[in-house]
Amino acid sequence: GSVIGYKPDSILLPHQKGIASLNFAKAMRVDESKILAVGDSLVDAKLGYSKENRFGIAEDEKQLERIRPVMGDCAISQDFTPVITWLLKKI
């Protein structure tokens, strides 16, 4: 359909994702050290509280090498199977 309106303060830009994840945890009364984050780019390096609780998913080896330094663990995959496996180990 057509956009008929929006709330400007609801717009989230990529560079704001990290602080948004912390604010979300606070609003949900979750300790920020418990945030588990999944990402696919360097922007996602700021998600959550710690590198160990970030999982990177990549389409190919080139993308994997870019994100590996900011993720606790990562995998190349075309689906979310490795993400689900990682999440189940974490919880």
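What share of the contacts in the chain with a separation of 6 or more comes from residues 24 or more positions apart? I got 36%, with contact meaning heavy atoms within 4.5 Å.

**Entry 1: ground rules**

I am working on a predicted model, where local features need pLDDT of at least 70, side-chain atom pairs count only at pLDDT 80 or more, and totals for chains, interfaces and linings use all residues. Residues are numbered from 1 along each chain as its sequence is written, and side-chain values use heavy atoms, with hydrogens and water left out.

I looked up confidence next. pLDDT is the predictor's confidence in each residue, from 0 to 100. The chain has a mean pLDDT of 93, and 100% of its residues reach 70 or more. Helix 1 has the lowest confidence in the chain, at a mean of 91, and strand 3 the highest, at 98.

**Entry 2: layout**

I counted 3 helices and 3 strands in the chain; both are DSSP runs numbered from the N terminus, helices being H or I of at least four residues and strands E of at least two. The order from the N terminus is α-β-β-α-β-α. The C-alpha trace spans about 40 × 35 × 20 Å along its principal axes. Of the 91 residues in the chain, 29% are buried. For that I used relative accessible area: buried is under 20%, exposed over 50%, partly exposed in between, with a 1.4 Å probe and protein chains only.

**Entry 3: helix 1**

I listed the buried residues of helix 1 (residues 17–27) and found Gly-18, Ser-21 and Ala-25. They lie on the same side of helix 1, because they cover an arc of only 60° around the axis; the arc is that of the directions from the helix axis to the C-beta atoms. The face turned away from this buried side carries the exposed residues Ile-19, Phe-24, Lys-26 and Ala-27.

I took Ser-21 of helix 1 as a sample. Its relative accessible area is 15%, so Ser-21 counts as buried. Leaving out residues up to four places away in sequence, Ser-21 touches Ile-35, Lys-46, Leu-47 and Gly-48. Just after helix 1, I noted that Arg-29 takes a positive phi of about 60°.

**Entry 4: strand pairing**

I checked strand 2 (residues 54–58) for burial. Strand 2 is largely enclosed by the rest of the structure, because 5 of its 5 residues are buried. Arg-54, Gly-56 and Ala-58 point one way, Phe-55 and Ile-57 the other. In a regular strand the side chains alternate between the two faces of the sheet.

Strands pair if DSSP finds at least two bridges between them. Strand 1 (residues 37–39) runs parallel to strand 2, joined by 3 bridges. Phe-55 in strand 2 is the bridge partner of Val-38. Strand 2 and strand 3 (residues 73–76) are also parallel, with 4 bridges. Here Gly-56 stands opposite Cys-74 of strand 3. The chain goes from strand 2 through helix 2 to strand 3 in a right-handed β-α-β crossover, that is, clockwise from the first strand over the helix to the second with the strands pointing away from the viewer.

**Entry 5: aromatic pair**

I searched the whole structure for aromatic pairs and got 1. The criterion is that rings of Phe, Tyr and Trp (its six-membered ring) have centres within 6.5 Å; planes under 30 degrees apart are stacked, over 60 edge-to-face, the rest tilted. Phe-55 and Trp-86 have ring centres 5.4 Å apart and planes at 35°, so the pair is tilted. Phe-55 sits in strand 2 and Trp-86 in helix 3 (residues 81–90), 31 residues apart. Phe-55 is buried, at a relative accessible area of 2%, and Trp-86 is buried too, at 4%.

I also looked at Asn-53, which is in the loop between strand 1 and strand 2. Asn-53 is buried, at 13% relative accessible area. Among the residues Asn-53 touches, not counting those up to four places away in sequence, are Trp-86 and Lys-90.

**Entry 6: helix 2**

I compared two residues of helix 2 (residues 61–67). Is Glu-65, a member of helix 2, buried or partly exposed? Glu-65 is partly exposed, at a relative accessible area of 43%. Its C-alpha is 14 Å from that of Val-43, 22 residues apart in sequence.

Ile-67, also in helix 2, is buried at 1%. The C-alpha atoms of Ile-67 and Ser-41 are 5.9 Å apart, with their positions 26 residues apart along the chain. Leaving out residues up to four places away in sequence, Ile-67 touches Gly-39, Asp-40, Ser-41, Leu-42, Gly-56, Ile-57 and Ala-58.
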